[in-house]
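Work through these short exercises with the structure open beside you. Try each task before you read its solution.

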Amino acid sequence: GWKRHAVATSEGYYTLQTEDIGDVPVRLFLTPELLGAAEDTLYRQIVNATRFPGTRLVAITPDVHYGYGVPVGCVILTDRGEGAVAMGPVGFDIGCGMMSARSAVAAELATPDRKLAFNREVMKRVSMGAGGTSVRFGKMPEKDLVELVRGGAELYVDKFGAAIDRSRAERQRIPVDDAWDVPWGGKGKPERGLDQLGSLGGGNHFIELQRCDETGTLFVQVHTGSRGFGHGLATNYFELAREERPDLGADIDLGYFTPDSEHYRAYLNAVAAGGNFAIINRLIIFEQVAEAFRKVFREDLELVYEISHNLVQAEQHPEFGDVWVHRKGATRALPAQHPALKGTLFENEGHPVLVPGSNRDYSYILRPLPGAHKSGYSVNHGSGRRMSRGEAVRVLSQEKVNEQYRHAGILVNLDGEVPIDESSACYKSAEDVVTAVVDAGLARVEYRLWPLASLKG
Ligand code: 5GP
Ligand code: MN
Ligand code: MN
């Protein structure tokens with residue numbers, strides 16, 4: 001198949017050129033092993049990624065796997081003058097992302113009793129699972145939620161006080177136009193989010209207590225997004241894109257808007273509002289996790305960084321100009337002296353990049369290097385799935401998996417019952433994936449984090 005068209009370059013990536021792709025540069029940031037293991041079905045999705053109007057670059061990150069229309073682990077740059085903004089390349093969980101915090105507590109202090117106590121204290125404060133609702137706020141009136149998703153973390157801190165220092169974050173607020181209204185109702189039902197602020201969600205969303213190899217201290221990592229609110233917004237705009245272009249037919253995942261569409265600005269506003277919801281969600285969960293951590297370990301957590309991996313953002317690129325950068329399961333990676341970091345804490349060293357692995361593998365905190373321009377200033381957002389949920393349930397033994405985790409000293413939830421479709425065998429090796437990024441000169445490894453106690457949504 002398609003892999004014989006992948007040509008290795010001296011820049012640490014493969015280029016892919018075929019008739020289907022035409023002139024759009026496609027860069028695959030994969031090691032030979034990861035390319036060899038890549039699904040055949042990815043090719044169609046990579047081609048899809050090149051077909052949005054005004055596409056200037058498609059970069060594939062090493063955690064790549066099959067997604068909605070385009071791969072998860074995919075970066076698409078479109079021209080900001082005439083190009084599209086696309087929905088599949090942002091995804092349903094608008095603003096989904098990571099936050100990571102550090103402590104000065106020696107990792108040895110996380111005894112089995114304290115791991116259990118930590119998980120229990122977190123679970124008292126944060127509700128888990130797809131149906132989880134807000135412990136702190138209950139159901140919010142529409143107007144209060146609208147105010148928050150417009151004002152972002154900035155407004156949240158004004159209103160409810162700053163229990164934590166949030167200066168180390170990708171952003172405090174994504175601007176939303178006054179003229180845009182939340183499309184309540186409709187097929188997507190974003191109103192599902194009214195009682196979900198500060199809830200983790202299901203699947204692979206997680207809260208994890210970790211040991212940092214470099215510092216020997218405890219870290220905590222959180223993965224969550226915009227819950228039913230972002231999902232509802234995304235669904236509504238997928239539907240509008242389908243109405244606008246019936247020719248897309250069943251391929252609703254390939255929906256997009258060009259600047260002449262009445263929904264173009266509206267969709268960008270929805271991404272901003274969904275992104276703000278996700279940022280506030282991570283902030284609230286962090287406050288609750290920090291409280292649990294203090295109770296068990298008697299010390300504070302300090303934010304390392306907070307960043308999204310499902311967004312479309314306006315950026316400038318030295319090769320491709322003014323672009324919309326869609327990151328679908330990809331993390332922004334701005335190196336030192338990048339103009340967008342001017343005046344921030346990260347101007348001189350680049351911002352941290354948070355890359356989870358699995359709950360029985362390393363997670364990484366990286367620092368972008370100047371070479372990150374090659375991938376549209378982006379790296380992977382995880383290890384990426386290698387086994388479907390269905391296959392995991394069929395081929396893995398629950399008993400054996402539980403035993404592996406017990407043996408490794410990793411407590412999962414309260415009872416050590418590992419969600420099998422989320423176990424480490426379902427994900428690629430974090431080291432393999434990070435090697436591809438390091439070898440391409442996109443980033444360097446700053447911290448390696450090993451899981452001690454894991455809470456899954
Ligand atoms: P996604 O955002 O695409 O849903 O997933 C992001 C990444 O999170 C996955 O590719 C996987 O590498 C990572 N991940 C999933 N579950 C866990 C977990 O329980 N712990 C850690 N550390 N990483 C996880
Ligand atoms: Mn998510
Ligand atoms: Mn995610």
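A residue counts as buried under 20% relative accessible area, as exposed over 50%, and as partly exposed in between. Keep in mind that this is a predicted model.

**Exercise 1. Accessibility**

Task: Decide whether Phe160, Tyr68 and Glu170 are buried, partly exposed or exposed.

Solution:
- Step 1. Phe160 has a relative accessibility of 39%, so Phe160 counts as partly exposed.
- Step 2. Tyr68 comes out at 47%, and therefore Tyr68 is partly exposed.
- Step 3. Glu170 has a relative accessible area of 13%, so Glu170 is buried.

**Exercise 2. Aromatic pairs**

Task: Classify the ring pair of Tyr68 and Phe92, then say where its two residues lie.

Solution:
- Step 1. A search of the whole structure gives 19 aromatic pairs.
- Step 2. In the pair of Tyr68 and Phe92, the ring centres are 5.1 Å apart and the planes stand at 75°.
- Step 3. Planes over 60 degrees apart count as edge-to-face. The pair of Tyr68 and Phe92 is therefore edge-to-face.
- Step 4. Tyr68 sits in the loop between strand 4 and strand 5, and Phe92 in the loop between strand 6 and strand 7, so the pair ties together parts 24 residues apart in sequence.

Task: Do the same for Phe137 and Phe160.

Solution:
- Step 1. The distance is 5.1 Å centre to centre, with 65° between the planes. This pair is edge-to-face.
- Step 2. Phe137 lies in the loop between helix 3 and helix 4, while Phe160 belongs to helix 4. They are 23 residues apart, and the pair links distant parts of the chain.

Task: Which residues do ring pairs link into a cluster with Tyr68?

Solution: The cluster holds Tyr68, Phe92 and Phe238.

**Exercise 3. Two helices**

Task: How do helix 5 and helix 6 run relative to each other?

Solution:
- Step 1. Helix 5 covers residues 227-244 and helix 6 covers residues 264-297. Their axes come within 9 Å and cross at roughly 170°.
- Step 2. Angles over 145 degrees count as roughly antiparallel. The two helices are therefore roughly antiparallel.
- Step 3. The crossing of helix 5 past helix 6 is left-handed.
- Step 4. Helix 5 makes the contact with Arg227, Phe229, Leu233 and Tyr237. Residues from helix 6 include Ala266, Tyr267 and Phe277.
- Step 5. The contact residues divide into eight nonpolar, two polar and one charged.

**Exercise 4. Around Glu170**

Task: Where does Glu170 lie, and which residues is Glu170 in contact with?

Solution:
- Step 1. Glu170 is in the loop between helix 4 and strand 8.
- Step 2. Leave aside its neighbours within four places in sequence: Glu170 is then in contact with Tyr305, Glu306, Ile307, Ser308, Gln313 and Arg332.

Conventions
Residues are numbered from 1 along each chain as its sequence is written. Chains are lettered from A and ligands numbered from 1 in the order in which they are written. This is a predicted model: local features need pLDDT of at least 70, side-chain atom pairs count only at pLDDT 80 or more; totals for chains, interfaces and linings use all residues. Side-chain values use heavy atoms; hydrogens and water are left out. Axes are lines fitted to C-alpha atoms, for helices over the stretch in contact, and angles run from 0 to 180 degrees between N-to-C directions. Helices (H or I, at least four residues) and strands (E, at least two) are DSSP runs, numbered from the N terminus. Angles under 35 degrees count as roughly parallel, over 145 as roughly antiparallel, 65 to 115 as roughly perpendicular and the rest as oblique. A crossing is left-handed if the near helix is turned anticlockwise from the far one by less than a right angle, and right-handed if clockwise. Contact means heavy atoms within 4.5 Å. Ala, Val, Leu, Ile, Met, Phe, Trp, Tyr, Cys and Pro count as nonpolar, Asp, Glu, Lys and Arg as charged, and the others, Gly among them, as polar. Rings of Phe, Tyr and Trp (its six-membered ring) pair if their centres lie within 6.5 Å; planes under 30 degrees apart count as stacked, over 60 as edge-to-face and the rest as tilted. Buried means under 20% relative accessible area, exposed over 50%, partly exposed in between (1.4 Å probe, protein chains only).
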